[in-house]
Amino acid sequence: MHGLINRAIQAFVVSTYGEERWSHIMDTADLGFAQFEAMLFYTEEQSNKMLAAMEKQLERPLPEILEDTGTFLVSNPQVEALRRLLRFGGVNYVEFLHSLDDLPDRARLAVADLHLPAIELVENSPGQFDLVCQPGLPGFAHVLMGVLRAMADDYGDLVILDHRGTQDGAEVISITLVETDFAEGRTFDLGAHAL
Amino acid sequence: MMTADELTGIIDQICPMYLVVDAGGRMHFAGPTLKKLRPDMSWKGMTFFEVFDLLRPRWVNSMDDLLKTAGTKLHMQFRESPQTSLKGVLAPLPGGKGALINLSFGISVLEAVRDYDLTSADFSPTDLTIEMLYLVEAKSAAMEASRQLNLRLQGAKIAAEEQAFTDTLTGLKNRRAMDHILARLIGSGTDFALMHVDLDYFKEVNDTLGHAAGDAVLQSVAQVMVDCTRHTDTVARVGGDEFVIIFEGVNEPKVLEALSKRLIRRLEEPVPYGGKLCKISASAGTTLSSWNPAPIEAAAMLHQADMALYAAKRAGRSQHLFFEQGMQKDEPQVAAQSQA
């Protein structure tokens with residue numbers, strides 16, 4: 001699994017539970033190192049050991065932790081870059097949802113060897129969507145749930161998300177847009193980033 | 001036939017940074033994004049050359065010249081600050097009624113987006129500017145992550161190198177470091193002295209008080225050697241209880257004689273360990289690079305220091321001797337006795 005993904009989980013755990021808990025997790029995982037590097041590659045086995053150790057140490061179901069990781073990635077100022085990159089997807093939440101089809105390609109534009117599973121947005125009716133997430137990265141749909149929730153806050157919209165389980169091998173997240181402009185969203189300046 | 005307003009309404013959407021100028025160079029219409037760059041300017045009625053400084057092609061000095069550029073790339077910038085640079089292309093209007101000039105930011109788009117607070121609504125949906133901004137930002141983030149990794153790897157490399165040249169027990173240099181330093185001194189032709197020091201009675205300390213006591217003694221010995229030498233000298237632990245000291249820039253035996261006496265005296269001071277006193281001494285042999293003909297060989301000098309050391313051991317230990325021609329190391333019965 002790409003170092004960026006492992007590193008993102010590490011950043012979430014360290015920021016939420018502290019360095020010490022992360023050290024315990026990595027001790028339990030017994031990988032021989034304590035930090036993931038964002039720009040290196042790790043085997044599935046290494047990542048799975050870390051995830052199993054994390055579930056055990058934090059005593060929470062993995063899907064829940066992964067969803068919180070997704071929320072963290074968008075809402076924490078430490079990782080502002082990702083939120084900004086996602087905001088490039090659209091000027092409102094619906095446009096952002098439609099841009100998710102391009103997410104794996106966009107990710108690959110930024111980091112050539114970062115492969116995310118294909119995702120497809122299906123619009124059932126205005127304001128009612130299914131996001132179909134193809135297999136390939138276990139737990140990715142749960143991270144996406146957290147991202148979707150946090151991005152709704154970012155745009156100031158109110159949404160209801162529901163993980164519908166697996167259909168034909170793909171995970172399905174249903175998205176219901178309850179209210180747009182429900183709250184004041186966060187501002188997004190195209191050029192606010194100092195380059 | 002469309003009215004001018006209907007036509008500009010369409011152009012506003014497709015290329016929001018256009019200008020319509022008449023044959024005299026006066027501006028009649030400007031696209032919404034272009035207007036946003038100079039919100040307080042009236043645009044209409046001002047001339048193109050009042051607002052813009054045309055940089056290339058250089059031969060363009062009048063509206064007539066400008067019209068002749070049709071289809072080729074124009075480089076210009078605002079006359080007033082911020083002097084954002086723009087690219088453009090001119091298409092003449094039918095009937096000699098002037099021209100439509102479409103503008104874009106080109107590479108200055110990064111500053112422009114910041115300076116003018118532009119949003120994606122200011123660019124046509126078919127314009128790739130937003131994608132370009134995305135890419136610049138994504139690549140900067142990825143590059144930063146790579147840079148951080150490089151910094152950490154470099155730190156780890158320095159630490160690993162440091163470790164590879166350090167004896168972990170004493171913190172002194174190790175044999176590998178000594179080899180490097182000898183090679184450097186010989187390569188640069190610097191005079192130096194090489195002293196081989198071997199501890200006496202160390203084996204007894206190890207045997208009677210244990211290895212932990214032996215380790216404590218070695219650490220104490222290392223400290224004494226560092227204290228007795230200069231910052232520029234090198235102290236290396238090259239074996240269990242063997243040390244090599246390299247004195248850079250020294251070609252005077254007198255200095256070394258005094259130093260070796262002081263060193264041995266200090267090493268004979270008992271080291272307290274676990275309520276007991278560990279007593280050792282040391283023998284040493286020295287050679288000088290200035291005694292060797294060029295090309296100097298590190299192995300030959302180490303061998304000379306070694307022979308001087310064993311001569312010192314044979315002469316009753318706890319003393320220091322300089323290398324002399326004719327010294328022999330391998331006298332079987334004596335070598336057996338000196339297994340300290």
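**Exercise 1. Salt bridges**

Find how many salt bridges there are over all chains, and trace which residues are linked in a network of them.

*Solution.* Over all chains the count comes to 23 salt bridges, where a salt bridge is a side-chain nitrogen of Lys or Arg within 4 Å of a carboxyl oxygen of Asp or Glu. The model is a predicted one, in which local features need pLDDT of at least 70 and side-chain atom pairs count only at pLDDT 80 or more, while totals for chains, interfaces and linings use all residues. Residues are numbered from 1 along each chain as its sequence is written, chains are lettered from A and ligands numbered from 1 in the order in which they are written, and side-chain values use heavy atoms, with hydrogens and water left out.

Begin with A:Arg83, which forms a salt bridge with A:Glu80, the closest N and O atoms being 2.8 Å apart. Because these two stand three residues apart in helix α5 of chain A, they are separated by about one helical turn; helices (H or I, at least four residues) and strands (E, at least two) are DSSP runs, numbered from the N terminus. A:Arg83 is buried, at 3% relative accessible area, whereas A:Glu80 is partly exposed, at 25%; buried means under 20% relative accessible area, exposed over 50%, and partly exposed in between (1.4 Å probe, protein chains only).

Next, the side chains of A:Asp154 and A:Arg87 meet in a salt bridge of 2.6 Å, N to O. This pair links distant parts of the chain, since A:Asp154 is in helix α8 and A:Arg87 in helix α5 of chain A, 67 residues apart. A:Asp154 is buried at 2% relative accessible area, and A:Arg87 is buried at 9%. To finish, A:Glu80, A:Arg83, A:Arg87 and A:Asp154 are linked in a network of salt bridges.

**Exercise 2. The nonpolar core**

Determine which residues of the largest nonpolar core touch the most other members, and which helix gives the most to this core.

*Solution.* A nonpolar core is a set of buried Ala, Val, Leu, Ile, Met, Phe, Trp, Tyr and Cys residues joined through side-chain atoms within 4.5 Å. The largest one has 96 residues, and A:Tyr93, A:Leu148, A:Ile175, B:Leu19 and B:Phe52 touch the most other members. Helix α8 (residues 140–155) of chain A gives the most to this core, with 11 residues. Taking A:Ile175 and leaving aside its neighbours within four places in sequence, its contacts (heavy atoms within 4.5 Å) include A:Tyr93, A:Leu121, A:Leu148 and A:Ile160. A second, separate core has 31 residues, among them B:Ala193 and B:Val221.

**Exercise 3. Backbone angles in chain B**

Locate the cis peptide bonds before B:Pro57 and B:Pro82, and the positive phi values of B:Tyr201 and B:Ser318.

*Solution.* Most residues other than glycine have a negative phi, and most peptide bonds are trans. A cis peptide bond joins B:Arg56 and B:Pro57, with omega about -5°, and B:Pro57 lies in the loop between β3 (52–56) and α4 (63–68). The bond from B:Ser81 to B:Pro82 is also cis, with omega near -5°, and B:Pro82 is placed in the loop between β4 (73–78) and β5 (85–92).

Turning to phi, B:Tyr201 has a positive value of about 65°, and this residue is found in the loop between β7 (192–200) and α8 (202–209). Phi of B:Ser318 is near 50°, and B:Ser318 lies in the loop between α11 (298–314) and β13 (320–322). B:Tyr201 is partly exposed at 33% relative accessible area, and B:Ser318 is partly exposed at 28%.
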